[in-house]
Amino acid sequence: MAHPTQLGLQDAASPVMEELLHFHDHALMIVFLISTLVLYIIVAMVSTKLTNKYILDSQEIEIIWTILPAVVLILIALPSLRILYLMDEINDPHITIKAMGHQWYWSYEYTDYEDLGFDSYMIPTQDLTPGQFRLLEADHRMVVPLDSPVRVLVSAEDVLHSWTVPALGVKMDAVPGRLNQTAFITSRPGVFYGQCSEICGANHSFMPIVVEVVPLEHFENWSSFMLQDA
């Protein structure tokens with residue numbers, strides 16, 4: 001959950017998000033070092049009256065500033081490609097959930113159960129209870145078991161949406177007529193919030209995503225209750 005004055009990303013709740021955080025810090029450090037070097041060169045060139053003939057015309061320096069950027073790009077590209085492949089891997093999911101985007105709410109269908117599905121609407125501000133978050137709370141949460149590979153099939157009923165939960169490192173476009181899939185494994189229990197990240201109309205800001213991660217035993221009790229209630 002993001003908080004006021006926060007500068008970094010949200011705390012990771014999945015292994016993929018932990019990798020993304022590490023890559024963010026890695027890339028940011030490279031950018032910081034390059035910026036420091038460039039700033040030092042600019043200050044040195046402006047503040048000194050001396051001229052170095054080896055800098056003005058030097059094959060060695062040209063070789064260095066050709067090879068060095070290539071090395072830097074490789075240092076950024078290799079971990080980036082690794083994470084891209086990790087995000088696309090879906091190995092034997094324990095549960096599959098279909099998330100459908102509508103104007104303007106989400107509907108969830110647990111495809112491994114015969115009749116388990118529900119719509120998830122934002123709770124209006126006037127109906128919030130103390131401790132609940134404005135524009136982020138939903139009347140029905142997507143409940144998933146802890147430490148279990150979860151596959152999410154994402155699509156839309158009408159216009160483009162995007163199913164996004166930052167703490168889980170998940171962002172998948174919901175396209176009408178197309179079924180996209182993503183996966184995640186949660187590393188700690190909790191409630192994680194997201195929002196539609198595709199501008200989908202007048203109420204784009206009012207279709208939150210709430211994922212509640214619970215131990216497997218609690219998930220089984222919840223699914224049994226939902227099936228009986230249906």
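Let me start with strand 1, residues 95-102, and strand 2, residues 105-110, which run antiparallel and are joined by six bridges; strands here are DSSP runs of E with at least two residues, helices are runs of H or I with at least four residues, and both are numbered from the N terminus. Two strands are called paired if DSSP finds at least two bridges between them. Within this pair, Gly101 stands opposite Trp106 of strand 2.

Before going further, I should say that this is a predicted model, in which local features need a pLDDT of at least 70 and side-chain atom pairs count only at pLDDT 80 or more, while totals for chains, interfaces and linings use all residues. Residues are numbered from 1 along each chain as its sequence is written, and side-chain values use heavy atoms, with hydrogens and water left out.

In the loop between strand 1 and strand 2 we find Trp104, and the peptide bond leading into Trp104 from Gln103 is cis, with omega near -5 degrees.

Strands 1 and 2 belong to an open sheet of five strands, in the order 3-2-1-5-8, with mixed pairing. Strand 3, residues 117-120, and strand 8 each have a single partner strand and stand at the edges, so one side of each is left without a neighbour in the sheet. On average, and with direction ignored, neighbouring strands of this sheet are turned by 25 degrees against each other, where axes are lines fitted to C-alpha atoms, for helices over the stretch in contact, and angles run from 0 to 180 degrees between N-to-C directions.

There is also an open sheet of three strands, ordered 4-10-9, again with mixed pairing; its edge strands are strand 4, residues 142-145, and strand 9, residues 190-195, each pairing on one side only. Strand 9 pairs with strand 10, residues 208-214, in the antiparallel sense over six bridges, and Gly194 has Ile209 of strand 10 as its bridge partner.

Two loop residues deserve a look on the screen. Leu135, in the loop between strand 3 and strand 4, has a positive phi of about 70 degrees although it is not a glycine. Asp147, in the loop between strand 4 and strand 5, likewise is not a glycine, yet has a positive phi of about 60 degrees.

Turning to the helical part, the unreviewed UniProt entry annotates residues 27-51 and 63-85 as "transmembrane region", bearing in mind that such annotations may be inferred rather than shown by experiment. In the model, residues 27-51 are 84% helix and 0% strand, with end C-alpha atoms 34 Å apart, whereas residues 63-85 are 100% helix and 0% strand, with end C-alpha atoms 33 Å apart.

Finally, the pockets. A pocket is an open set of points on a 1 Å grid over the protein atoms alone, where a 1.4 Å probe fits, with protein on both sides within 12 Å along at least five of seven lines, and lining residues have an atom within 4 Å of a point. The largest pocket is lined by 21 residues, with Leu37, Val38, Ile41, Ile61 and Trp65 nearest its centre. Helix 1 (15-47), helix 2 (53-56) and helix 3 (59-88) each supply at least two residues of that lining, and helix 1 gives the most, with eight.
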